[in-house]
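Visitor: I should like to know on what grounds the descriptive terms for this model are applied. Please set each value against its definition.

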Amino acid sequence: MLTEKDFEITTLGPCAIDSPLMRLRDVGFIEDSSRVRLQPKIGPQYADGMELSVEEAGPRERIHFDPRWSCGAVVTCGGLSPGLNNVIRSVYSELSYNYEVPRVLGVRNGYMGLNPESGLNLVELTPGYVDHIHDMGGTVLGSSRGPQDPAVIVDALVRESIDMLFCVGGDGTQRGAAKIAAEVQRRGLDKAIVGIPKTIDNDIEFVYTSFGYYTALEKAQEVLRGAHVEARCAPNGIGLVKLMGRDAGFIAAGAALASQDANFVLIPEVPVRLDGEHGFLAALEHRLATREHALVVVAEGACQDLLNRARAAETDASGNILHEDVGLFLRDEIKRYFKAKGIAINLKYLDPSYFIRSVPANSSDRILSDQMARMAVHAGMAGKTSVMIGSIHNELVHVPITTSIAHRKRVDTASDLWTAVMRSTGQPAW
C-alpha cells in the first residue's frame with residue numbers, strides 16, 4: 001500500500017538563488033508545500049489513500065542552480081511517439097529563453113549517446129536547430145533502446161559539466177534514469193535527473209494522459225474507419241486492425257470509442273476465449289450471419305496466453321517481454337475457422353503501428369508535451385532529482401521515479417472507459 005513516504009521528492013540542496021523568472025512578472029510561483037490529492041472522490045469505497053497527496057509541479061521562486069553557470073541536456077529513448085520533438089524544443093526554450101541558461105545539449109540516440117564507445121558527439125542546441133522541429137514526427141536527436149552503465153553515463157555528465165539531465169521515455173527509460181540518479185547520489189554530485197514520461201501506450205502510473213496518446217487515437221480511428229468501410233463493402237467482410245498496447249489496451253479501447261465502428265475490442269487486460277459456443281470465433285460468426293460485416297480491433301499484447309509461447313523468455317533491449325504477433329495469429333485463426341465451416345469471408349488485416357508512432361503531434365499533444373517539458377525544467381532548476389513529471393486530475397505533479405515505475409498502469413475493466421467499449425461494441429463478456 002502506498003504511503004506519503006512514496007511521494008517524497010529528493011532535492012539536491014538549498015534553493016538560495018532568486019529565480020530569473022521573477023523578471024517576467026506573470027509567473028505564478030508554486031510552494032513546495034502545495035500538494036494535489038491522489039484520490040479526488042469521497043465515500044466508503046475510497047477510504048484507502050484518502051489523505052495521500054503529491055507535490056505540485058511548477059516554477060519555484062528560489063532555485064538551486066545558478067542559471068548563469070548551468071548546463072542542461074535532454075535525451076530521448078525507446079520507441080517513437082508523437083510529441084518528442086516538441087518536448088526537445090520546449091526544454092530548450094524554457095532553459096535558454098526564460099532561465100537564460102547559456103548551454104543546452106542534446107544527447108544523440110538515447111542513453112548510448114552518453115557512452116564514449118558509441119562515438120556520438122553531443123549536439124549544441126541552438127535557436128536554428130530547434131526552430132521547426134515541433135512540426136516534424138520522430139525525434140531529431142534519435143533514439144535507442146537498452147541500458148547503459150550508469151557509471152559511464154555519470155562520467156559523461158561530469159566530463160561535459162551537465163547539471164541537469166532530462167530523460168524522455170517510458171518505464172525502461174525511467175528505470176535507467178533512477179539508476180543514474182542513484183549513481184549521482186552515491187558520488188555526492190550536484191546533478192539533477194528529471195524524467196519526462198513518454199509512452200504512446202499511456203501505461204505509466206500517475207500519468208493520466210501521456211503526450212502522443214491523443215495523436216495515436218486520432219490516427220488509429222482513421223485506420224479503423226477505413227477498415228470498417230472495407231468490411232462493409234465486401235460479402236462477409238472482416239476488418240482486423242492491430243494497434244499498439246504491449247501490456248495495456250488504452251489505445252485499442254480509446255480508438256474504438258473514437259471511431260464507434262468496432263464490433264470487437266481485444267486487450268491484454270481481458271482474457272479471451274477463442275473457441276467454443278461462447279468464444280470469440282463463434283461471436284464473430286454470429287455477427288457475420290446477422291450483419292454481414294465486422295470490425296475487430298486487437299491490442300498487440302492481447303491473447304498472448306493463446307499463442308505458442310516459444311519466445312516467452314525473450315526480451316527486447318529495454319527488458320520488455322517479446323510478444324508473439326497476435327494480429328497474424330488472429331488472421332490465420334479466423335481464416336481457419338470459417339474455412340472449416342465452409343463460409344466464405346473477405347478479411348483485410350492492417351497494422352498501422354509504426355505509421356502512427358511517426359506522425360507529428362496533434363494540437364492536444366503539442367500543448368501537453370510543452371507543459372510537461374517546461375515543468376521538468378522548473379523541477380531541475382529547483383534541484384529536484386530522481387523525479388518524474390506526472391499528471392493527476394488535470395494537474396502536473398512531481399512523482400519519484402521509483403514510485404512511478406513500481407507498477408504499470410492498465411485498463412481497469414470496471415472503469416467507465418471499458419464499460420463504454422462494451423456498450424459501444426456489444427461484444428460478449430468473456
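Guide: The following exchange treats the chain as a whole and then one residue. This is a predicted model, in which local features need pLDDT of at least 70 and side-chain atom pairs count only at pLDDT 80 or more, while totals for chains, interfaces and linings use all residues. Residues are numbered from 1 along each chain as its sequence is written, and side-chain values use heavy atoms, with hydrogens and water left out.

Visitor: How many helices and strands does the protein chain have?

Guide: The protein chain has 12 helices and 17 strands; these are DSSP runs, numbered from the N terminus, of H or I over at least four residues for helices and of E over at least two for strands.

Visitor: Why is the protein chain called as compact as a globular protein of its length?

Guide: Its radius of gyration is 23 Å, close to the 22 Å from the globule rule for 430 residues, so the description applies. The radius is taken over C-alpha atoms, and the rule is 2.2 Å times the number of residues to the power 0.38.

Visitor: Why is Ser90 called buried?

Guide: Buried means under 20% relative accessible area (1.4 Å probe, protein chains only). Ser90 has 7%, and is therefore buried. Of the 430 residues of the protein chain, 55% count as buried.

Visitor: Where does Ser90 lie, and which residues does Ser90 contact beyond its neighbours within four places in sequence?

Guide: Ser90 lies in helix α1, residues 84-98. With those neighbours left aside, Ser90 is in contact (heavy atoms within 4.5 Å) with Asp370, Ala373 and Arg374.

Notes. Buried means under 20% relative accessible area, exposed over 50%, partly exposed in between (1.4 Å probe, protein chains only).
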